[in-house]
Amino acid sequence: MTLATEPTAAGPRDHVVHFYDDEFELARTVGEYLRDAAAAGAVAIVIVTDPHRQTFETQFASAGIDPLEACENGTLVLLDASATMASFLHAGGVDAEAFHSVVGSVLRRAVDTGRPVRAYGEMVALLWEQGNVLAAIEVEKLWNDLGRELDFSLLCAYRSASVQGSEHAQALEQVCHLHSSELPRGAVHGHDTARPATAEVSARFAAVRDAPRSARHFMTDALVRWGYGGSFMEDAQLVVAELASNAVVH
C-alpha cells in the first residue's frame with residue numbers, strides 16, 4: 001500500500017483508506033472525493049450513517065448539485081450503512097453471497113451506465129467501532145473481490161482513535177494491506193497535516209519467542225498515531241522484526 005499524494009486520488013479499481021481525526025476532516029476529505037466524482041460525471045455510491053448522510057448532502061449542495069435531483073437521475077446513490085449491513089450480516093458473520101448480491105448489484109447497475117463509478121463506504125468503520133473487527137476485514141476483502149470484477153474506485157474511512165492501541169495492531173496491518181493506498185492524515189486540498197518533526201516512544205520486551213511480534217505491533221501503533229503508512233510502514237515493520245529477532249536469538 002502506498003501513501004496517496006492527493007487527498008482524493010482514486011483511479012479505477014483503486015481501494016483507498018483514510019484514517020481521520022475528527023468529523024471536520026472527514027467531511028472535507030469525503031466532500032472533495034464526492035465533488036470530484038460529480039465533476040468527472042461519475043456515479044457516486046455513498047453508504048453512510050444518517051448523520052454523515054446529511055453532511056455529504058450538504059457537500060453536494062455546496063458544489064451546486066441538488067442531492068435529490070442527483071438521486072433521481074442516478075448520479076448519486078445514497079444507502080444507509082446499518083440497513084445495508086443488515087442484509088448480509090447474520091449472527092455477527094458476513095454472508096459473502098448476500099454481500100455480492102446486495103452491494104454487487106448496486107455497483108453493477110452503476111457500471112452499466114458507462115460512467116465512472118466512485119464509491120464511499122462506512123460499513124467497515126461501523127463494524128470496527130462495534131468491535132466486530134473480523135467482519136470489517138472480511139468486508140474489505142469482499143470489496144476487493146468486486147473490484148477485480150468491476151471498474152470502480154472505493155474510499156473507506158476509519159476514525160483514528162478507534163484503530164489505535166496494540167490490541168488492534170495486527171488487524172490494522174491487515175486493513176492496510178487490503179488497500180491500494182492511504183490518504184495522508186489530515187489531507188485537505190493536497191496538504192498533509194504536519195507530522196511531528198521529532199518523536200520518541202520506547203518499550204521493553206522480554207527475550208522470548210513472541211517479542212518480535214510485540215515489538216512490531218508497538219511500532220505499528222506509533223506510526224499510525226503519527227500518520228505514517230504504506231511502503232514506509234511495511235519497511236519499518238520488516239526492519240523492527242529483523243532487529244528484534246536477532247536480539248532474541250543472540
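Which residues do ring pairs link into a cluster? The residues are Phe88, Phe99, Trp143 and Phe152. The structure is a predicted model, and the sections below go through its aromatic pairs, salt bridges, one helix packing and two residues of a short helix.

## Aromatic pairs

A pair of aromatic rings is described by the distance of the centres and the angle of the planes. Across the whole structure, the search returns six aromatic pairs. One of the pairs is formed by Phe56 and Tyr120, with 5.5 Å from centre to centre and 90° between the planes, an edge-to-face arrangement. Phe56 belongs to helix α2 and Tyr120 to strand β7 (residues 117-121), so this pair ties together parts that are 64 residues apart in sequence. Both Phe56 and Tyr120 are buried.

Trp128 and Tyr158 also pair: their ring centres are 5.7 Å apart and their planes stand at 80°, so this pair is edge-to-face. Trp128 is in helix α6 and Tyr158 in strand β8, so the pair joins parts that are 30 residues apart in sequence. Trp128 is buried because its relative accessibility is 3%, under the 20% limit. Tyr158, at 1% relative accessibility, is buried as well.

## Salt bridge between α6 and β8

Side chains of opposite charge can pair when their charged atoms come close. The count of salt bridges in the model is four. One of them joins the side chains of Glu129 and Arg159, with an N to O distance of 2.9 Å. This pair links distant parts of the chain, since Glu129 is in helix α6 (residues 123-129) and Arg159 is in strand β8 (residues 153-159), 30 residues apart.

Glu129 has a relative accessibility of 40% and therefore counts as partly exposed. Arg159 is also partly exposed, with a relative accessible area of 32%. The helix and strand of this salt bridge, α6 and β8, are also those that hold Trp128 and Tyr158. The buried ring of Trp128 is thus followed in the numbering by the partly exposed Glu129, and the buried Tyr158 by the partly exposed Arg159.

## Salt bridges within helices

Arg53 and Glu57 form a salt bridge through their side chains, at 3.4 Å from N to O. Where do the two residues sit relative to one another in helix α2? They are four residues apart in α2 (residues 50-62), so about one helical turn separates them. Arg53 is partly exposed at a relative accessible area of 31%, and Glu57 is partly exposed at 24%. Helix α2 also carries Phe56, which is buried.

A salt bridge also connects Asp145 with Arg148, where the closest N and O atoms are 2.4 Å apart. These residues are three apart in helix α7 (residues 133-149), which again means a separation of about one helical turn. Is Arg148 buried or exposed? At 60% relative accessibility, Arg148 counts as exposed, because the limit for that class is over 50%. Its partner Asp145 is partly exposed, with a relative accessible area of 30%.

## Packing of α7 and α9

Two packed helices are described by the angle between their axes and the distance between the axes. Helix α7 packs with helix α9 (residues 169-177) at an angle of about 10°, and the axes are 10 Å apart. The two helices are therefore roughly parallel, as the angle is under 35 degrees.

On the α7 side, the contact is made by Val133, Ile137 and Glu140, and on the α9 side by Ala171, Gln174 and Val175. By class, the residues of this contact are four nonpolar, one polar and one charged.

## Two residues of α4

Ala83 and Thr84 lie in helix α4, which spans residues 81-86. Ala83 is partly exposed, with a relative accessibility of 48%, whereas Thr84 is buried, at 9%.

Which residues does Thr84 contact, leaving aside its neighbours within four places in sequence? They are Ile47, Leu79, Val102, Val103 and Met123. For Ala83, the C-alpha atom is separated by 9.8 Å from that of Val48, a residue 35 positions away along the chain.

Technical notes
Residues numbered from 1 in each chain as written. Predicted model: local features only at pLDDT ≥ 70, side-chain atom pairs only at ≥ 80, totals over all residues. Heavy atoms only, no water. Buried < 20%, exposed > 50% of the residue type's maximum accessible area, 1.4 Å probe, protein only. Phe/Tyr/Trp six-rings, centres within 6.5 Å; stacked < 30°, edge-to-face > 60°. Axes fitted to C-alpha atoms, helices over the stretch in contact; angles between N-to-C directions. Parallel < 35°, antiparallel > 145°, perpendicular 65-115°, else oblique. Contact = heavy atoms within 4.5 Å. Nonpolar A, V, L, I, M, F, W, Y, C, P; charged D, E, K, R; others polar.
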